[in-house]
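Okay, thanks everyone for coming. Let me put the structure up, and then I'll walk you through a pocket, a helix and a loop.

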Amino acid sequence: MANVLILGANGKIAHLAEKQLLAETNHHLTLFLRNASRLTVSDSSRETVVEGDATDQPTLVSALKGIDIVYANLGNKEIENQAKTVVAALDQAGIKRLIWISSLGVYDEVPGAFGKWNHKMLDGGYLETYAAAAKVIESSDLDYTIIRPAWLSNKDIVSYETTQKGEPFKGTEVSRKSIADFIVKLINDPSQEIRHSVGVNQPNTDGAKPSFY
C-alpha cells in the first residue's frame, strides 16, 4: 500500500486515475486541488482532500507528510512556477518519486505535418510553458517520470504505446483512460521509467501510415 498525493485532483485524467486506483489497489489517496468543494470523495476511508494552490510551497509541504508518490496533474500558464514549487516542496519533504503530466511537442518530437499543426494550435505560450516546466523537472534530482500524451480523447478505450525522449511520436491521439492506466501502472510499480520522459499514443493497428505525415 502506498500513500499517493494527486495534485490537480479535479482534472479529467486525475478522476479516471482515482477511480482505477480505488477499484484495483489499496493505496491511500490525498487529493489536492484549489477548490475542495468541487470534488466529491468516493471513499472517505481511503481519500483525504486538501485545498491549496500548487504554487504555495508551505501548503504543499504540509500535504506531503507521509506521502510516498506524487502524481501531478497540473496545467495552465503557471505550470513552470508550479513545477518549481513542486520540486522545492518534494526536496524539502525528502520525497523522490514524481509522475508529471506534460504535453506532446515539448521537444519538437512530433514529425511531419501534424507536428507543424500541433505547434500552430499550441502557439501563444502554451507549449513554451510546458517545455520550461519539463526542463525544471528534468534538472531536479527527483525520480521523475514525465508523461507526454498525444492529443487527448474521451474514448472508452485503454490502448497505448510509448516512446522515449529523442524518439518521434508514432500516433496523433490517445484516450484519457489510457493515460490514467499508465499512471496507475507507474504508481503500482514506481521503479518503472525513472528519470524518463515518455510519449504516449494510441497504436496504429491497421498498418496505415500515421496521419501526421
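**The pocket, H5 and Ser-140**

So, the largest pocket holds about 750 Å³ of space. A pocket here is an open set of points on a 1 Å grid over the protein atoms alone, where a 1.4 Å probe fits, with protein on both sides within 12 Å along at least five of seven lines; lining residues have an atom within 4 Å of a point.

Before I go on: this is a predicted model, local features need pLDDT of at least 70, side-chain atom pairs count only at pLDDT 80 or more, and totals for chains, interfaces and linings use all residues. Numbering runs from 1 along each chain as its sequence is written, and side-chain values use heavy atoms, with hydrogens and water left out.

There are 31 lining residues, and nearest the pocket centre you'll find Gly-11, Asn-73, Leu-74, Gly-75 and Tyr-130. Helix H1 (12-24), strand S2 (28-33), H5 and strand S7 (151-153) each give two or more residues to that lining.

Now, H5 covers residues 126-139, and its end C-alpha atoms sit 20 Å apart, in agreement with the 20 Å expected for 14 residues at 1.5 Å a residue. (That's 1.5 Å times one less than the number of residues.) How much of H5 is buried, meaning under 20% relative accessible area with a 1.4 Å probe, protein chains only? 10 of its 14 residues, so H5 is largely enclosed by the rest of the structure. Tyr-130 is one of those buried residues.

Finally, Ser-140 is in the loop between H5 and strand S6 (143-149). Ser-140 is buried too, at 8% relative accessible area. Setting aside neighbours within four places in sequence, Ser-140 contacts Val-87 and Arg-195, with contact meaning heavy atoms within 4.5 Å.

Notes. Helices (H or I, at least four residues) and strands (E, at least two) are DSSP runs, numbered from the N terminus. The expected span of a helix is 1.5 Å times one less than its number of residues. Buried means under 20% relative accessible area, exposed over 50%, partly exposed in between (1.4 Å probe, protein chains only). Grid points are joined across faces, edges and corners, and a volume is the space filled by probe spheres set on the points.
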